[in-house]
Amino acid sequence: MRQTLIATCCVMAVCIAIAVLHAQPASTTTTEQLTPIQLPAPQTEGGMPLMQALKARRSTRQFSDKKLPPQVLSNLLWAAWGVNR
């Protein structure tokens, strides 16, 4: 289930990150407002095979205001970044 969520939410995570970056006021620099956070390493083992995840994917139009746990955020950002080597 978690792998299906990761497969279907990669684009959403990137869009959220872009929206957060664009929401910063233009009067101050990014370095003054953003501080790096340490995320756990992405979980790249286990889960369902790729083809099963793609077959099971569904689009949703419901969004929550709950914060993503650091592990889920790390997994989504790793998957959306596209660099895996």
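The following legends describe close-up views of a predicted model of a single protein chain.

**Figure 1. Overall arrangement of the chain.** The predicted model contains four helices and zero strands, giving the pattern α-α-α-α when read along the sequence. Of the 85 residues in the chain, 12% are buried. About 7400 Å² of the chain is exposed, and carbon and sulfur atoms supply 61% of that area. Among contacts with a separation of 6 or more, 86% join residues that are 24 or more positions apart.

**Figure 2. Helix α4 and its end.** Helix α4 comprises twelve residues, 70-81. At 1.5 Å a residue, these should span 16 Å, and the end C-alpha atoms are 16 Å apart, so the expected span and the distance in the model agree. Buried residues in α4 are V72, S74, N75 and L76. An α-helix has 3.6 residues a turn, so residues three or four places apart point the same way. After α4 comes G82, which has a positive phi near 85°.

**Figure 3. Surroundings of S74.** S74 is located in helix α4. Its relative accessible area is 6%, and S74 is therefore classed as buried, the limit being under 20%. When neighbours within four places in sequence are set aside, the contacts of S74 are L39, P40, A41 and P42.

**Figure 4. L39 and its contacts with residues of the C-terminal part of the sequence numbering 70 to 77.** L39 occupies the loop between α2 (30-33) and α3 (50-56). With residues up to four places away in sequence not counted, L39 touches P70, L73, S74 and L77. The C-alpha atoms of L39 and L73 lie 7.9 Å apart in space, although the two residues are 34 residues apart in sequence. L39 has a relative accessible area of 31% and is therefore partly exposed, a class that lies between the limits of 20% and 50%.

**Figure 5. A nonpolar surface patch shared by I37, L39 and L77**. These residues make a nonpolar patch of about 250 Å² on the surface. L77 belongs to helix α4, whereas L39 is placed in the loop between α2 and α3. The relative accessible area of L77 is 33%, so this residue is partly exposed. L39, at 31%, is partly exposed as well. Patch residues must have over 30% relative accessible area, a condition that the values for L77 and L39 meet. L77 is also one of the residues that L39 touches.

How values were computed: Residues numbered from 1 in each chain as written. Predicted model: local features only at pLDDT ≥ 70, side-chain atom pairs only at ≥ 80, totals over all residues. Heavy atoms only, no water. Helix = DSSP H or I, 4+ residues; strand = E, 2+ residues; numbered from the N terminus. Expected span 1.5 Å × (residues − 1). Buried < 20%, exposed > 50% of the residue type's maximum accessible area, 1.4 Å probe, protein only. Contact = heavy atoms within 4.5 Å. Areas by Shrake-Rupley, 256 points an atom, 1.4 Å probe, with all protein chains shown as cover. Patch = residues over 30% accessible without salt bridge, like charges linked within 9 Å, V, L, I, M, F, W, Y side chains within 5 Å. Salt bridge = Lys/Arg side-chain N within 4 Å of Asp/Glu carboxyl O.
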